[in-house]
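Me: I should like to go through the terms used to describe this structure and see what each of them rests on. Please set each value against its criterion before drawing a conclusion.

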Amino acid sequence: MYFARKLKQDFSITGFIPAIICLSIGALIWIFIDHKAGLLAVSVFFGLYAGFSIWIFIRTRNISYLTASLWQLLFGLYLATRPGYLLIPVFNSKITALITLFLLASTVWLFFLVFTRRAKWKGREIFELASMSIEPQPDGFTERPHPSGRSEYTRNDLIGFAEFLRKHLVAMPYFEENRVVFVPVKMEDEFGYLFNPEKFRQNRSWIAFDFQGNVTVNISRIDYLDYKEELSFDQLCDNLGKLFIEFLKYYRKGEADRIVNKLNKLGLGLTY
Amino acid sequence: MDFKEAAKLGSCLSKDYAEDLFRLLATYESISASEAASRLDLHIKTVQDFLEDMYNLKILDREEVYEGKRPYFRYWLKTNQITMSIDLTTFSQGEEVNDIRLKLKIREKRNAGVKFTTSRSNDYISSVTIWMGEGRNRTERKINLSIPQGRFLFHLPFPNADYLNIKEIMRKAQTDSTNIPEIIDIVNVLTEFGVIETT
């Protein structure tokens, strides 16, 4: 789908940082100690990386992190047990073959999830979609929340919707006493959210659905400045609210997959 | 009694020495400032000011006397009771509110440089912080809002949005017509501070 992108380009590699650190440390150990120690270090780091991915999976329930965790674990085991570089004694050589097979299978599965954008934090898609029909208009920014109207839903609808958005990395929900607040997380921001969600939300945009049906939107300065031009701020808030109201309607009608399809149809990059 | 007189009376009555002075005034047929000051061990100027204030408020009466020296005043009680009555309804701006005021179209002013703080429940604005002046003279003014005012401002159109009249914003905010005076008041204040603009 072609459309004029309103957000600034981002080439952040935040998501690859843990892997780059793992491999860099392994390479240094390889150079300064020996290759076996290097491989063992990478193997151990990938084991820890797998634990980190499991933690993200628990936080988000996104299947791609479970797959990534499995792949990282298998890759660590593969390095530690591959023929000729046996670091851990394996009594049955069939186990090594089995690990290799599982590693290949999980690689295919992981690539599938990455290329079908299931592993993508979709904050950028949200902001692109909200700004699609908006014209530039300067000096409109204000830090006030914007009442975006009302919608009909039950508390259970909202909680189910929140779980769906979290699982598909569309927006991270914060459950409060009288409402649920959704914070879209962009690809380069995921660690900020994961490590300190409360601090993260303080200066980010949010969409809140209270249990009386009121929808409120707040676009933060950080997210507004991420647009190439100063867009009409009230329309942007309005559109963002309407977008989430529409998403909730899809969810209530049992057509939640349309939410993900709509976001994926924008065709933004897989890693930003 | 108008508010200024009442404020002056209240201020005088709140003095530490007011009761002692009234005791003297009630006891003596008439008394001079110097006599009262020496009797209560106060500065003559303090007593003189108090007695003059009471005279201006028509609680005391006075007479200028000459006893071979400079003329001075002797004071005595003109009344045996003090009643303070203030009509608070005169402070209401209700009479100023009419259809024209409610039809006033407003919105937030561009680059107003203010901070709106939302309530914990996030459905109304709890305060507006305005920065005034430049450099070292920059001062901060924080206005805490009543809930109806906060709800009203929560629905105030954004700087780029179309203007809306006060009545329409009140309808959106679901504020009661009994809150009109306080809403008009905050609109006036924020217009004065350059936070709200009108058509």
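Me: Why are α2(A) and α3(A) called roughly antiparallel to each other?

Reply: The model is a predicted one. In it, the axes of helix α2 (residues 35-60) of chain A and helix α3 (residues 63-81) of chain A cross at roughly 165° and come within 8 Å. Angles over 145 degrees count as roughly antiparallel, and therefore α2(A) and α3(A) are described in that way. The crossing of α2(A) past α3(A) is left-handed. The residues of this contact comprise 16 nonpolar, 7 polar and no charged.

Me: What makes L169(A) a buried residue?

Reply: The criterion for a buried residue is 20 or more other C-beta atoms within 10 Å. L169(A) has 26 other C-beta atoms within 10 Å, and so it is buried. L169(A) lies in the loop between α6 (155-167) and β2 (172-175) of chain A. Its phi is positive, about 55°, although L169(A) is not a glycine. Most residues other than glycine have a negative phi.

Me: Does D139(A) count as buried or exposed, and what makes it so?

Reply: A residue is exposed if 12 or fewer other C-beta atoms lie within 10 Å. D139(A) has 12 C-beta neighbours inside 10 Å and therefore counts as exposed. D139(A) is placed in the loop between α5 (123-131) and β1 (146-150) of chain A. Phi of D139(A) is also positive, near 60°, in a residue other than glycine.

Me: How do you know that S119(B) counts as partly exposed?

Reply: The term applies in between the two limits, 12 or fewer for exposed and 20 or more for buried. S119(B) has 15 C-beta neighbours inside 10 Å, so it counts as partly exposed. S119(B) is found in the loop between β5 and β6 (125-132) of chain B. Not counting residues up to four places away in sequence, S119(B) touches Y124(B), S126(B) and G150(B). The C-alpha atoms of S119(B) and G150(B) are 8.6 Å apart, while the two residues are 31 apart in sequence.

Me: Why is chain B called more spread out than a compact globule?

Reply: Chain B contains 8 helices and 9 strands. For its 199 residues the globule rule gives 16 Å, whereas the radius of gyration of chain B is 26 Å, well over that value; chain B is therefore more spread out than a compact globule. Its C-alpha trace spans about 80 × 40 × 30 Å along the principal axes. Of the residues of chain B, 24% count as buried. Among contacts in chain B between residues at least 6 apart in sequence, 54% join residues at least 24 apart.

Me: What are the corresponding values for chain A, beginning with how many helices and strands there are?

Reply: Chain A has 11 helices and 5 strands. Along its principal axes, the C-alpha trace of chain A spans about 65 × 40 × 35 Å. Of its 272 residues, 37% count as buried. Of the contacts in chain A with a separation of 6 or more, 71% are between residues 24 or more positions apart.

Me: How many residues does the contact take from chain B and from chain A?

Reply: Residues are in contact if their C-beta atoms lie within 7 Å. The contact takes 16 residues from chain B and 16 residues from chain A. Strand β5 (residues 114-118) of chain B gives the most to the side of chain B that touches chain A, with 3 residues. That side of chain B has 6 nonpolar, 6 polar and 4 charged residues.

Key: Residues are numbered from 1 along each chain as its sequence is written. Chains are lettered from A and ligands numbered from 1 in the order in which they are written. This is a predicted model: local features need pLDDT of at least 70, side-chain atom pairs count only at pLDDT 80 or more; totals for chains, interfaces and linings use all residues. Axes are lines fitted to C-alpha atoms, for helices over the stretch in contact, and angles run from 0 to 180 degrees between N-to-C directions. Helices (H or I, at least four residues) and strands (E, at least two) are DSSP runs, numbered from the N terminus. Angles under 35 degrees count as roughly parallel, over 145 as roughly antiparallel, 65 to 115 as roughly perpendicular and the rest as oblique. A crossing is left-handed if the near helix is turned anticlockwise from the far one by less than a right angle, and right-handed if clockwise. Ala, Val, Leu, Ile, Met, Phe, Trp, Tyr, Cys and Pro count as nonpolar, Asp, Glu, Lys and Arg as charged, and the others, Gly among them, as polar. Two residues are in contact if their C-beta atoms, placed from the backbone, lie within 7 Å. The radius of gyration is taken over C-alpha atoms; the globule rule is 2.2 Å times the number of residues to the power 0.38.
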